[in-house]
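Trainee: Could you take me on a close look at one part of this model? I would like to see how that part sits among its surroundings, and then how those surroundings connect to the rest.

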Amino acid sequence: MLIPLEVAICETALRLGRRGTREFHGYQLAKAVAEADEAKLLTAYGTLYRALARLEGMGLLRSRREDPLIPAREGRPGRRLYTLTALGETALEKARAEAASKAPRRARRRLAPA
Amino acid sequence: MLTFATAIVRAWTWLYTAGLDADPRDDRRAQIESDLWDQKDEATERGVAPLAMSAHILARLALGIPDDLLWRGEQLHVATAVVTVMLGDAHSRPVTFRRASGFGVSVTVHVLLVMLAVWLAPRVTSVALHGNSSATTPTILFVPPNAVVPAPAVEGRPTKALDIVPEDNLGIKLGESASTLAIPGFTFNFSKVIAHAGSLFPFVTGTRELERIAATALLPRAPTELINPFGHRGAEGGGLPKLVLSGAEFQALVDRAWARRDRWNAFVTLVPTIADHNPDEGALPDLMRAYVEQNGLQPYVENDIHDPRLWTQLGVVADHTFFIDFIGQYIARHTSTKTATELLFLLDTLIQGSYDTLTALLDVIPEVDLHWTHEANPAAFDAIMTIQQHYRAELEHRNLLTRAALRLYFDEARISVLTNLIETTPGRYRENDARFLIGSIYWRQGREAAAVGAWSGLHSVPSDRYADASAAIVDVLRARSGPNVDSARINRVLDGERGRWISFSHDRLKQFGYRFSTF
């Protein structure tokens with residue numbers, strides 16, 4: 001069973017993929033997760049990269065080091081690029097279904113004007 | 001400070017990865033280095049203050065230390081197992097020892113970093129992600145005067161707005177029988193949402209009328225005696241009779257124009273009264289003000305399921321183009337009048353509602369959140385998917401890729417409208433209220449100097465909607481001894497104003513048999 005951060009990472013990976021960004025790096029992911037949650041702080045370094053390692057270990061993400069010529073040309077450190085796997089998408093669907101069955105009446109209770 | 005923060009992160013990363021196998025060690029160090037570089041690069045580009053950036057970096061470090069330690073433990077566990085299998089039990093002791101000593105050092109550093117981050121974070125984290133707003137100023141929907149199209153000829157009453165809004169259904173086709181959604185406790189005809197699916201968010205996609213409204217700010221300002229010889233008002237409004245109503249008649253009109261869902265159809269009941277009466281004298285400006293204050297922004301809260309609130313809000317914004325066309329046409333005919341000023345306040349409320357509905361649409365995960373819609377009407381579910389994808393693409397096209405950028409964009413639209421209002425309102429009518437709102441927007445953005453600048457023009461007008469809050473803000477500004485204002489007091493004033501809105505809204509909804517969570 002996935003913990004909330006892992007679900008958030010898979011959700012974000014899926015959302016990035018739908019926008020055409022199939023591969024993403026750690027900072028990019030942290031930013032997208034924070035934006036989705038309207039959080040002020042990005043996920044902590046240790047929490048983020050441990051979760052990514054865990055998801056990769058479960059086969060839900062796969063990763064590769066980017067071509068070293070690219071960072072060299074852009075004058076920045078090299079990145080590890082992650083992709084959501086088919087297994088990851090399936091796990092996410094299961095997590096969603098589980099959340100829906102456990103809390104189909106979950107409410108955000110956010111008061112907003114319209 | 002920034003150099004210090006990044007050095008701390010590097011040192012800590014070096015420490016907790018020391019002694020590990022080369023692969024996980026180097027990989028983790030490289031990932032942190034890359035993350036730091038990206039975070040710093042973006043912060044520099046957005047003009048985030050180094051102190052804010054440093055606090056953010058240290059907070060990320062401190063909050064992640066427990067996971068760093070657990071991750072190290074996991075790596076050592078793997079390493080120990082491998083060593084034990086390959087070389088025998090004796091060779092694993094140094095690894096265990098390193099784990100123990102590393103843990104002791106880590107705890108010490110952790111405590112120090114948490115203390116530092118806790119000290120710094122409240123001072124700066126509010127700007128750490130968002131940066132200086134000027135760095136990401138969006139393209140605003142209002143256009144310069146030479147791009148403004150001529151006003152269409154309007155004959156008679158401006159109810160023509162209903163006729164000139166074209167349908168834009170994004171290619172979504174529904175049969176008449178398929179346009180009703182019935183889920184427990186909520187029945188909704190969503191044909192209006194589909195018919196105007198492509199124009200649900202006109203403040204993003206733009207309309208001709210919005211451009212025309214923006215241009216009114218460039219017209220000559222009305223003199224204080226409310227006679228504008230240069231504007232349209234003399235010709236269009238001067239000959240109209242004053243609206244005269246008893247207190248009961250006045251409130252009955254406002255109440256009749258109230259609606260939870262179909263705002264436009266309810267508002268149309270006021271249109272003949274608006275069109276046939278003097279825009280400056282008599283009760284018409286007060287009537288419009290009462291409409292905005294009593295019937296305008298309403299709170300929506302989800303109760304048990306997401307579907308009703310989202311559909312209702314989409315239904316509300318489906319009317320926005322009607323309102324905008326009406327406001328644009330009215331202002332073109334009655335520029336610099338009190339009623340035009342009230343309609344600009346109405347436009348401001350539409351922008352706020354539009355932002356909230358757009359974010360609700362973007363946030364929804366249809367497969368999870370719209371379970372009831374999917375079950376009850378798959379065509380409605382598919383329509384939401386299409387609409388959501390369409391507006392995601394629209395926002396990407398406009399480079400509004402982050403929530404912060406979107407918020408800023410809508411804030412700028414509000415500021416444009418309210419600035420327009422200040423430029424055109426006759427005799428400084430309700431100028432204070434517009435200044436109060438502009439300052440509040442800047443304050444929420446963390447732009448203290450801009451907020452103080454907007455509020456510094458406030459003066460006491462007891463009849464203003466925000467008179468009490470404005471007076472309190474003026475007191476705070478007067479009481480400051482240096483450049484800094486008492487933020488806590490300002491926040492209390494603004495929170496109090498929001499509380500008043502919630503309290504009033506509760507009573508108003510109750511009057512019509514609703515609650516925040518019923519639609």
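Mentor: Happy to. Let's start with helix 8 of chain B, whose buried residues pack against helix 7 (202–205), helix 15 (320–333), helix 16 and helix 20 (403–424) of chain B. Do keep in mind that this is a predicted model. Helix 8 covers residues 208–215, and six of its eight residues are buried, so the rest of the structure largely encloses this helix. The buried ones are Glu209(B), Leu210(B), Arg212(B), Ile213(B), Ala214(B) and Ala215(B), so you will find Glu and Arg in that list beside Leu, Ile and Ala. For background, chain B contains 24 helices and three strands, and 40% of its 519 residues count as buried. Contacts in chain B with a separation of 6 or more come, to 77%, from residues 24 or more positions apart.

From helix 8, one of the partners is worth following further: helix 16 of chain B. The largest nonpolar core has 88 residues, and the residues with the most contacts inside it are Ile327(B), Leu343(B), Leu347(B), Ile351(B) and Leu418(B). Helix 16 (residues 338–363) of chain B gives the most to this core, with 12 residues. A second core, separate from that one, has 43 residues, and Tyr49(A), Ala5(B), Val9(B) and Ala62(B) are among them. Back in the largest core, have a look at Leu418(B). Setting aside residues up to four places away in sequence, Leu418(B) touches Asp348(B), Ala434(B), Leu437(B) and Ile438(B).

Helix 16 also has a neighbour in helix 13 (residues 284–295) of chain B: the two pack at an angle of about 10 degrees, with their axes 8 Å apart. That makes helix 13 of chain B roughly parallel to helix 16 of chain B. On the helix 13 side, Leu284(B), Pro285(B), Met288(B), Arg289(B) and Val292(B) take part, and they meet Lys338(B), Thr339(B), Glu342(B), Leu343(B), Phe345(B), Leu346(B) and Thr349(B) of helix 16. By class, the residues of this contact are seven nonpolar, two polar and three charged. Leu343(B) is in this contact and is also one of the residues with the most contacts inside the largest core.

Further along helix 16 of chain B sits Asp356(B). With 21 other C-beta atoms within 10 Å, Asp356(B) is buried. Apart from its neighbours within four places in sequence, Asp356(B) is in contact with Ala112(A), Pro113(A) and Ala114(A), which brings us to chain A. The C-alpha atoms of Asp356(B) and Tyr300(B) are separated by 9.9 Å, although these residues lie 56 residues apart along the chain. Tyr300(B), in strand 3 of chain B, stands opposite Ala112(A). Two bridges join strand 3 (residues 299–300) of chain B to strand 4 of chain A, and the strands run antiparallel.

That pairing belongs to a wider contact, which takes 35 residues from chain A and 48 residues from chain B. On the side of chain A that touches chain B, helix 2 (26–37), helix 3 (45–57), helix 5 (86–102) and strand 4 (112–113) each give two or more residues. Helix 3 of chain A has the largest share of that side, with six residues. By class, the side has 17 nonpolar, five polar and 13 charged residues.

Note on methods
Residues are numbered from 1 along each chain as its sequence is written. Chains are lettered from A and ligands numbered from 1 in the order in which they are written. This is a predicted model: local features need pLDDT of at least 70, side-chain atom pairs count only at pLDDT 80 or more; totals for chains, interfaces and linings use all residues. Helices (H or I, at least four residues) and strands (E, at least two) are DSSP runs, numbered from the N terminus. A residue is buried if 20 or more other C-beta atoms lie within 10 Å of its own, exposed if 12 or fewer, and partly exposed in between; C-beta atoms are placed from the backbone. Two residues are in contact if their C-beta atoms, placed from the backbone, lie within 7 Å. A nonpolar core is a set of buried Ala, Val, Leu, Ile, Met, Phe, Trp, Tyr and Cys residues joined through C-beta atoms within 7 Å. Ala, Val, Leu, Ile, Met, Phe, Trp, Tyr, Cys and Pro count as nonpolar, Asp, Glu, Lys and Arg as charged, and the others, Gly among them, as polar. Two strands pair if DSSP finds at least two bridges between them. Axes are lines fitted to C-alpha atoms, for helices over the stretch in contact, and angles run from 0 to 180 degrees between N-to-C directions. Angles under 35 degrees count as roughly parallel, over 145 as roughly antiparallel, 65 to 115 as roughly perpendicular and the rest as oblique.
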